[in-house]
Amino acid sequence: MEKSKSEIIMSFLKKRRSMLAAKLNDPGPSKQQLDDIITAGIRVPDHGRCSPWNVKIISKEGQKKLGKFLSEIFEKNNQFEKKEQIDYWYNRPQSAPCLLVISFNPKEDNLSKIPLIEQKLSCGAFCQNILNASHALGFSAQWLTEWPAYNTEVKKFLGYREVTKILGFIYIGTSSETPKERKRANLSDIVTYFS
Ligand SMILES: Cc1cc2nc3c(=O)[nH]c(=O)nc-3n(C[C@H](O)[C@H](O)[C@H](O)COP(=O)(O)O)c2cc1C
């Protein structure tokens with residue numbers, strides 16, 4: 001029997017899985033698809049219309065330059081690391097055809113009305129919508145922070161201020177693999193009732 005639209009959507013939401021960035025290959029999203037993904041991203045609850053999100057699309061050339069920079073910083077900070085580890089960071093930003101950096105851009109003059117935590121939650125939801133939209137278009141994706149998200153030099157290199165919070169590097173591409181199921185919390189462990 002043909003599945004109803006809601007069954008298809010629910011099945012998608014209940015089965016969604018990320019794919020390791022290292023397993024994301026070409027093709028990545030086209031310009032139009034990326035616009036659609038980001039458009040879906042901004043369809044998140046946003047108390048007070050703060051738009052506390054910022055997306056930086058890292059071009060192919062940018063991915064290469066970022067990798068070179070990451071490997072240099074990594075080598076400087078980990079002098080006794082093996083060459084493979086340094087090479088790993090050199091290649092890391094090029095793991096997938098598409099790399100987005102999502103940073104948190106809170107509306108400072110609205111903090112008395114819309115607390116920081118609410119603005120940050122909206123930015124997290126934005127990241128999740130980007131993942132869902134990528135998956136909905138048939139791509140695979142992964143949301144990572146890793147050390148570069150917290151490194152001041154990396155922030156400066158990418159053109160951010162020192163105080164900017166990078167909430168994620170989102171890698172998007174195509175994978176021929178289907179990810180294995182990942183253990184999830186039991187509803188009975190996380191749901192309580194109040195009556
Ligand atoms: C804010 C945030 C940061 C994350 N950073 C990392 C990371 O640095 N390294 C990592 O292995 N997974 C990280 N993850 C987890 C992956 O995005 C992903 O959830 C995980 O690989 C499991 O896949 P799933 O989305 O199918 O559950 C992060 C998740 C979130 C929400």
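**Exercise 1. Find which strand supplies the largest share of the shell around the ligand, then sort the shell by residue type.**

Work on the predicted model. Start with the list: Arg17, Ser18, Gln142, Trp143, Leu144, Thr145, Glu146, Gly168 and Arg182 surround the ligand. Next, look at strand β3, residues 140-144. This strand gives three residues, the largest share of the shell. Last, sort by type: two residues are nonpolar, four are polar and three are charged.

**Exercise 2. Describe the largest nonpolar core and name the residues that touch the most other members.**

This core holds 25 residues. Ile102, Ile170, Tyr171 and Ile172 touch the most other members. Now turn to the elements. At least two core residues come from each of α2 (31-41), β2 (98-104), α5 (116-136) and β4 (165-173). The largest share, six residues, belongs to β4.

**Exercise 3. List the contacts of Ile170, leaving aside neighbours within four places in sequence.**

Ile170 is in contact with Leu100, Ile102, Cys127, Ile130, Leu131, Ala141 and Trp143. Trp143 also appears in the list of residues surrounding the ligand. A second, separate core has five residues, among them Leu66, Leu70, Trp89 and Tyr90.

**Exercise 4. Place Leu121 in its element and explain why this residue is classed as partly exposed.**

First, locate Leu121: helix α5. Then count: 16 other C-beta atoms lie within 10 Å. A buried residue needs 20 or more, and an exposed one has 12 or fewer. Leu121 is therefore partly exposed. Finally, check a distant partner in sequence: Pro45 is 76 residues from Leu121, yet their C-alpha atoms are 9.1 Å apart.

Technical notes: Residues are numbered from 1 along each chain as its sequence is written. This is a predicted model: local features need pLDDT of at least 70, side-chain atom pairs count only at pLDDT 80 or more; totals for chains, interfaces and linings use all residues. A residue is near a molecule or strand if its C-beta atom, placed from the backbone, lies within 6 Å of it. Helices (H or I, at least four residues) and strands (E, at least two) are DSSP runs, numbered from the N terminus. Ala, Val, Leu, Ile, Met, Phe, Trp, Tyr, Cys and Pro count as nonpolar, Asp, Glu, Lys and Arg as charged, and the others, Gly among them, as polar. A nonpolar core is a set of buried Ala, Val, Leu, Ile, Met, Phe, Trp, Tyr and Cys residues joined through C-beta atoms within 7 Å. Two residues are in contact if their C-beta atoms, placed from the backbone, lie within 7 Å.
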